[in-house]
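Visitor: I am new to this structure and would like a close look at a single part. Please show me the model before we begin.

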Amino acid sequence: MHACELADSGEAMLDESDLRSNLVGADRDHDACVVVQNGRIVGWGLIWTGRKRWADVHPDSRGQGIGTWLLKWAAWRAKQLGADRTGQTIDDARTEIGPWLASHGYTPRYHSWILAGEVHGISPATPATPQEHDAVLDLFELAFREFSDRPPVGPERWRARTVERLDFRSEDLVVVRDGGVPVAVAFFLGNWVDNIAVAASHRGRGLGRALLAGRGRLELSTDSNTGALGFYERLGFEVSRSYTHWAVDL
């Protein structure tokens with residue numbers, strides 16, 4: 001994974017905790033695979049929400065048809081799981097990938113961006129208590145469920161992505177409360193804003209900004225499905241990288 005990231009974007013972004021959390025709920029015997037040559041892993045694939053996959057080929061082993069095989073494997077497995085399509089989000093800097101995917105019937109479905117910026121001020125957010133974890137993770141799911149065409153994410157996967165990560169610290173999951181009840185929540189991985197959500201009943205009160213205030217320079221990702229790009233740009237965040245999600249109907 002790191003070899004691919006470094007070759008394609010110059011930065012290794014994923015780590016062991018990321019991979020472990022995305023394997024939760026997957027059938028490891030059928031939803032993930034590796035391609036091995038001479039005892040060395042040169043390609044890998046993972047179906048992680050039915051419709052979405054991660055797959056890549058080591059830079060030294062590209063041009064042998066391994067990527068094409070992974071496309072066929074992903075479509076085959078996603079169809080077995082009952083998905084109506086399968087796709088992957090690709091860095092727009094990889095200009096050769098779009099035409100290659102298009103030649104296999106893939107089309108762009110939505111766009112996403114990485115932004116960086118800093119929100120000044122003092123945040124009222126404090127760490128969520130262990131007793132609040134379930135309610136807080138439910139708040140994430142309820143907020144993201146509002147976006148159209150998004151498969152639901154169960155509690156097991158939310159816990160794996162947050163409080164059950166190998167590197168989890170209590171200060172990573174922070175909340176703003178109203179009457180003692182969490183109404184806004186954010187999960188941080190260092191200076192990366194992994195997830196942020198505000199209850200529908202409390203939007204328009206500046207709580208999203210409050211969650212990000214006073215934490216120094218931050219990075220985060222959003223996509224065109226959420227309509228949140230303008231919100232972050234108004235806070236002073238600037239786009240540093242863009243991506244396109246390419247998918248094929250099954």
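Visitor: Which residues do ring pairs link into a cluster? Please take me through that part closely, then show me what else belongs to the picture.

Guide: Ring pairs link Trp44, Trp48 and Trp54 into a cluster. Keep in mind that this is a predicted model. Start with one pair in the cluster. The rings of Trp48 and Trp54 sit 5.4 Å apart, centre to centre. Their planes make an angle of 45°. That angle falls between the limits of 30 degrees for stacked and 60 for edge-to-face, and the pair counts as tilted.

Now check how much of each residue is accessible. Trp48 has a relative accessible area of 16%, so it counts as buried. Trp54 is at 18%, and this residue is buried because the value is under the cut-off of 20%.

The cluster is part of a wider set of rings. A search of the whole structure turns up eight aromatic pairs. One of them is the tilted pair just described, Trp48 with Trp54. Another aromatic pair joins Phe231 and Tyr232. Here the geometry is edge-to-face. The ring centres are 5.0 Å apart, and the planes meet at 65°. The two partners differ in burial. Phe231 is partly exposed, at a relative accessible area of 30%. Tyr232 is buried, at 7%.

Some rings have a charged neighbour. Arg161 lies over the face of Trp158, 4.8 Å from the ring centre. Arg215 does so over Phe188, at 3.6 Å from the ring centre.

Phe188 leads us to the strands. Strand β8 covers residues 181-189. Its antiparallel partner is β7, residues 173-178, and six bridges join the two. In one of these strand contacts, Val176 has Ala184 of β8 as its bridge partner. In general, strands of a sheet pair through backbone hydrogen bonds, either parallel or antiparallel.

Both strands belong to an open sheet of eight strands. Read across, the order is β4-β11-β5-β10-β9-β8-β7-β6. The pairing is mixed. At the edges are β4 (85-91) and β6 (126-127), and each pairs on one side only.

Next, follow the chain into β11, residues 238-249. The loop between α8 (229-234) and β11 holds Gly236. Gly236 is partly exposed, with a relative accessible area of 45%. Leaving aside residues up to four places away in sequence, Gly236 touches Ala116 and Gly117. Ala116 is 120 residues from Gly236 in sequence. In space, their C-alpha atoms are 8.5 Å apart.

Now step back to the whole protein. Among contacts between residues at least 6 apart in sequence, 70% join residues at least 24 apart. The protein has eight helices and 11 strands. Its radius of gyration is 19 Å, close to the 18 Å that the globule rule gives for 250 residues, so the protein is as compact as a globular protein of that length. Along the principal axes, the C-alpha atoms fill a box of roughly 60 × 35 × 35 Å.

Last, the surface. Of the 250 residues, 46% count as buried. The accessible surface comes to about 12700 Å². Carbon and sulfur atoms account for 51% of that surface.

Note on methods: Residues are numbered from 1 along each chain as its sequence is written. This is a predicted model: local features need pLDDT of at least 70, side-chain atom pairs count only at pLDDT 80 or more; totals for chains, interfaces and linings use all residues. Side-chain values use heavy atoms; hydrogens and water are left out. Two strands pair if DSSP finds at least two bridges between them. Helices (H or I, at least four residues) and strands (E, at least two) are DSSP runs, numbered from the N terminus. Buried means under 20% relative accessible area, exposed over 50%, partly exposed in between (1.4 Å probe, protein chains only). Contact means heavy atoms within 4.5 Å. Rings of Phe, Tyr and Trp (its six-membered ring) pair if their centres lie within 6.5 Å; planes under 30 degrees apart count as stacked, over 60 as edge-to-face and the rest as tilted. A charge sits over a ring if NZ of Lys or CZ of Arg is within 6 Å of the ring centre and within 35 degrees of the ring normal. The radius of gyration is taken over C-alpha atoms; the globule rule is 2.2 Å times the number of residues to the power 0.38. Accessible areas come from the Shrake-Rupley method with a 1.4 Å probe; for residues, only the protein chains shown count as cover.
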